[in-house]
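Subject: Structure for your review

Dear colleague,

Please find the structure below, together with its sequence. I would be grateful if you would read the notes that follow with the model open beside them.

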Amino acid sequence: MITDETRYAPDSSYAWLRLAISLLIGTAACVGTWSVVVVLPSVQTEFGTLRAGASLPYTCVMLGFGFGNIAMGRIADRYGIIVPIVGGALLLGSGYILAGMAQSLWQFALVHLFLIGVGGGAGFSPLIADLSHWFRKHRGLAVVFGASGSYLAGVIWPQVITWGVASHGWRATHIGIGLAVMAIMLPLAPFFRRRPSAASIAAQEAASTNARGDLGLSASQLQWLLAIAGFSCCVAMAMPQVHIVAYCSDLGYGVARGAEMLSLMLALGIISRIASGFVADRIGGTATLAIGSLMQGLALFLYLWFDGLTSLFIVTGIFGLFQGGIVPMYAVIIREYLPAREAGVRIGLVMSSTILGMAVGGYVSGAIFDAFASYRAAFLNGLAWNLVNLSVVCWLMMRARRRPTGPATAAAV
């Protein structure tokens, strides 16, 4: 006889179904982090601004997204994930409709900051934290699958938006996005009513306390280290992700080729994320993060030497394969070492540091371009920040080697 305890146990079929629906919601909710990248040239022309000014809405949406990850994570810890999903859908829907009606760059940017960015936060950290409670043996894999919604959004939405802008203009496209997001997220929200059992949470709390003692760092110290590492890696990551469309336009290849490169980058990033989940379940999140950071730095270095159309497609694909698994590893590490009852807000805090890094990196890269009329210095800036990230992660990895990692450890937590 199958009881509720068995049916809704960690790693059960229900858990995998929850993962699949979470991926769909994350794909819909994370549109805001990519739509502004695709319409950047249109916004620059519409409002008559420089490249740095046109990058401002991206910075705003990422700042709002960072705050939304923290706020929605705290709400999810207290009330369950269903509340952030409904709230996020309403914020996103109203935000995109208002963005389509904006009459100035500041109006467009503020809507991205307070509505689209905050609403999008419901589709990332809270979902990742929620999924981490429903898996033990395959937690690393589940976390990266859940985090892949943001990348899947980057694969699908840029192509849809490019078509919409060409066929109906960027304003009508934004209004359409708002309606579509609400139509996807609101009907699916009731599925998430069930919450993990108190016994499961208590067991995870005990495991993380023991692991943190082996690591030799307090919860606050580890939180800050992960925040610094997350910020640094994403300043570096922002250069190709935010400016690849504009970069291709400047090189004479056109916006459409840039959008195709962005989709390729993120499609291969999904493969990278899934692969990193398999690796993390075997060697641990910290070592997996170190590998990803090293490979991202190598890919950024290649951008300095290749700018032909074919070579750019190849380098962009390599970049996607190398960096896709980096961000979810912070969530894996948090769930290994930090309290399970605070997973939503703690993952939200570290993820917000990565988002802040993307926001700062996106704006600074635009400012560097305006100063030097070239993206070469911006790529060098990314390499420097990647080195900071790699240094922090390697130090943490050396401390993590004090405790064994592998399938047995993953199963225990």
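The notes below take up the salt bridges, then a buried acid, a helix, a surface patch and a loop residue.

Please bear in mind that this is a predicted model.

Salt bridges

A search of the whole structure finds 4 salt bridges. Three of these are described here, beginning with Asp130 and Arg18, whose closest N and O atoms are 2.8 Å apart. Asp130 belongs to helix H8 (residues 125-133) and Arg18 to helix H2 (residues 13-29), so the pair ties together parts that are 112 residues apart in sequence. Both partners are buried: Asp130 has a relative accessible area of 9%, and Arg18 has one of 1%.

The second pair is local. Arg257 and Glu260 form a salt bridge with an N to O distance of 2.5 Å. Both residues sit in helix H13, 3 residues apart, which is about one turn of the helix. In general, an α-helix has 3.6 residues a turn, so residues three or four places apart point the same way. Arg257 is partly exposed, with a relative accessible area of 30%, and Glu260 is likewise partly exposed at 30%.

The third pair joins Glu342 to Arg346, with 2.7 Å between the closest N and O atoms. Here the two partners fall into separate classes of exposure: Glu342 is partly exposed at 32% relative accessible area, whereas Arg346 is buried at 15%.

A buried acid without a salt bridge

What does the side chain of Asp281 contact, given that Asp281 is buried yet has no salt bridge? Asp281 is placed in helix H13 (residues 255-283). The nearest side chain of opposite charge is that of Arg282, at 5.2 Å. That distance lies outside the 4 Å limit for a salt bridge, so Asp281 and Arg282 are not counted as a pair. A polar atom of the Asp281 side chain does, however, lie 3.3 Å from the backbone nitrogen of Leu141.

Helix H17

Helix H17 covers residues 343-372, and its 30 residues should span 44 Å at 1.5 Å a residue. The C-alpha atoms at its ends are 43 Å apart, which agrees with that expectation. Of its 30 residues, 21 are buried, so H17 is largely enclosed by the rest of the structure. Just after H17, Ala373 adopts a positive phi of about 55°.

A nonpolar surface patch

Leu298, Phe301, Trp305 and Phe306 make up a nonpolar patch on the surface, and together they present about 420 Å² of accessible area. One of these residues, Trp305, lies in the loop between helix H14 (285-303) and helix H15 (309-323). Trp305 has a relative accessible area of 56%, which is over the 50% cut-off and therefore counts as exposed.

A buried loop residue

Ala189 is also found in a loop, in this case between helix H10 (170-188) and helix H11 (198-215). Is Ala189 buried or exposed? Ala189 is buried, with a relative accessible area of 1%. Its C-alpha atom is separated by 30 Å from that of Ala227, a residue 38 positions away along the chain.

Yours sincerely

Methods. Residues numbered from 1 in each chain as written. Predicted model: local features only at pLDDT ≥ 70, side-chain atom pairs only at ≥ 80, totals over all residues. Heavy atoms only, no water. Helix = DSSP H or I, 4+ residues; strand = E, 2+ residues; numbered from the N terminus. Buried < 20%, exposed > 50% of the residue type's maximum accessible area, 1.4 Å probe, protein only. Lys, Arg positive; Asp, Glu negative; His and termini not counted. Polar contact = N/O pair within 3.5 Å; in protein donor to acceptor, adjacent residues only side chain to side chain. Expected span 1.5 Å × (residues − 1). Patch = residues over 30% accessible without salt bridge, like charges linked within 9 Å, V, L, I, M, F, W, Y side chains within 5 Å. Areas by Shrake-Rupley, 256 points an atom, 1.4 Å probe, with all protein chains shown as cover.
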